[in-house]
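Reader: I have a model open on my bench screen. Can you show me how to read its helix packing and its core?
Author: Gladly. Let us look at it together.

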Amino acid sequence: MTLALTLSVTGGKIGPRGAGMAEAKAAARPEILVDWSRFMSPFLEQKTSCMNKPPTLMAELIAEFLGTFVLILFGTGVVAMVVLFPANTPTATVHGGYTNITLGWGLAVTMGIYLSGKISGGHLNPAVTLTLAVFRGFPWRKVVPYSVAQTSGAFLAAGLTYRDYLPAFHQVDPQLERTAGVFTTFPAFPAWTQAGFLDQVIGTALLLLLVLAITDEFNIPPGANLAPLMVGLVVVAIGMSFGGMHGYPINPARDFGPRLFTALAGFKNNGLTDGPRVWWVPVVAPLLGGLAGAAVYDFGIRRFLRAYPSSS
């Protein structure tokens, strides 16, 4: 009977196949093979280390910039659709009026948070950033940089929306006298500044009250993947309930960034350099409203959740 023989590269020994295929394969495995794991391990360790490191401030600012950019691009875009393509024009597309605007802004907030939330927390709003610094330990050194990044993103998004709809602006409002409202907000009763101010305090207080409730680990959070959607629905509800008095900006960056663009682009009655100077209302009132809403939540709800975390 002829035996099949195999060579062992490691020792040059000859052994019968009957010694076991597993042993033969193990013996036939050359020791001179390069151990790539020794070379790859530093890169793998570096990758794992990077994954465990918190984002840098620059990464957070870029995320806030891009998140707010997307938010304002969708938001001003939906207002442009409604204003520049009214229902009585032959070329009207989908015209849902104010309903489209509230839904569009809510979805805009959702998409902006989904884009930036993992890196920066998806504030997209100086009122949110300030409130989290006061009530949730967000670093104070980041408040101004976050706010600048958010306002810059809003400014650039307004410019891109204007460029995209430029032919429509030339047709509907060639002198740019009455369409600054596509980008920024104005009071329904200009003579009653306090009415718009109160409206913005209430709207932003509701926003932060519910944002803190949605994201509170002691409450019944919907989960990180659904939280942006819930916040977007909060914005829809605020717009439908408190949108008439001052256009519900509830966000200083959302209002001031585009308003600054309208002033530089030559829009008349922009509220900053021309017409009633109402630009400060959507800046100051949301900051105060956010603090008020957070105080209501922490002293009215959260303190009980912390005291009785297991209660149903």
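Author: Keep in mind that this is a predicted model. Start with one residue. Leu207 touches Asn125, Val234, Val235, Ile238 and Ile250, leaving out residues up to four places away in sequence.

Reader: Which helices bring Leu207 together with Val234, Val235 and Ile238?
Author: Leu207 lies in α8, and Val234, Val235 and Ile238 lie in α9. The α8 side of this contact also includes Asp199, Ile202, Gly203 and Leu206, then Leu210, Val211 and Ile214. From α9 come Ala227, Met230 and Val231 as well, plus Phe242.

Reader: How do I describe two helices that pack?
Author: Two values do it: the angle between the axes and the distance between them. For α8 and α9 the angle is about 155 degrees, and the axes are 10 Å apart. Angles over 145 degrees count as roughly antiparallel, so α8 is roughly antiparallel to α9. Their crossing is right-handed.

Reader: What classes of residue make up the contact of α8 with α9?
Author: By class, there are 13 nonpolar, 1 polar and 1 charged residues.

Reader: Give me a second pair to practise on. At what angle do α3 and α4 pack?
Author: The angle is about 170 degrees, with the axes of α3 and α4 8 Å apart. That makes α3 roughly antiparallel to α4. Here α3 passes α4 in a right-handed crossing. The contact of α3 with α4 has 17 nonpolar, 9 polar and 2 charged residues.

Reader: Now the core. How many residues does the largest nonpolar core have?
Author: It has 53 residues. Those with the most contacts inside it are Leu71, Trp105, Tyr162, Phe169, Phe183, Leu207 and Phe267. Our starting residue, Leu207, is on that list.

Reader: Which elements give two or more residues to this core?
Author: They are α3 (57–84), α4 (97–120), α5 (126–135), α6 (143–164), α7 (166–172), α8 (193–215), α9 (227–242) and α11 (281–307). The largest share, 10 residues, comes from α3.

Reader: Step back for me. How many helices and strands does the protein have?
Author: It has 11 helices and 2 strands. Read along the sequence, the pattern is β-β-α-α-α-α-α-α-α-α-α-α-α.

Reader: What share of the protein is buried?
Author: Buried residues make up 41% of the 312 residues.

Reader: And how far apart in sequence are the residues in contact?
Author: Take contacts between residues at least 6 apart in sequence. Of these, 74% join residues at least 24 apart.

Conventions:
Residues numbered from 1 in each chain as written. Predicted model: local features only at pLDDT ≥ 70, side-chain atom pairs only at ≥ 80, totals over all residues. Heavy atoms only, no water. Core = buried A, V, L, I, M, F, W, Y, C linked by side-chain atoms within 4.5 Å. Buried < 20%, exposed > 50% of the residue type's maximum accessible area, 1.4 Å probe, protein only. Helix = DSSP H or I, 4+ residues; strand = E, 2+ residues; numbered from the N terminus. Contact = heavy atoms within 4.5 Å. Axes fitted to C-alpha atoms, helices over the stretch in contact; angles between N-to-C directions. Parallel < 35°, antiparallel > 145°, perpendicular 65-115°, else oblique. Left-handed = near helix turned anticlockwise from the far one by under 90°. Nonpolar A, V, L, I, M, F, W, Y, C, P; charged D, E, K, R; others polar.
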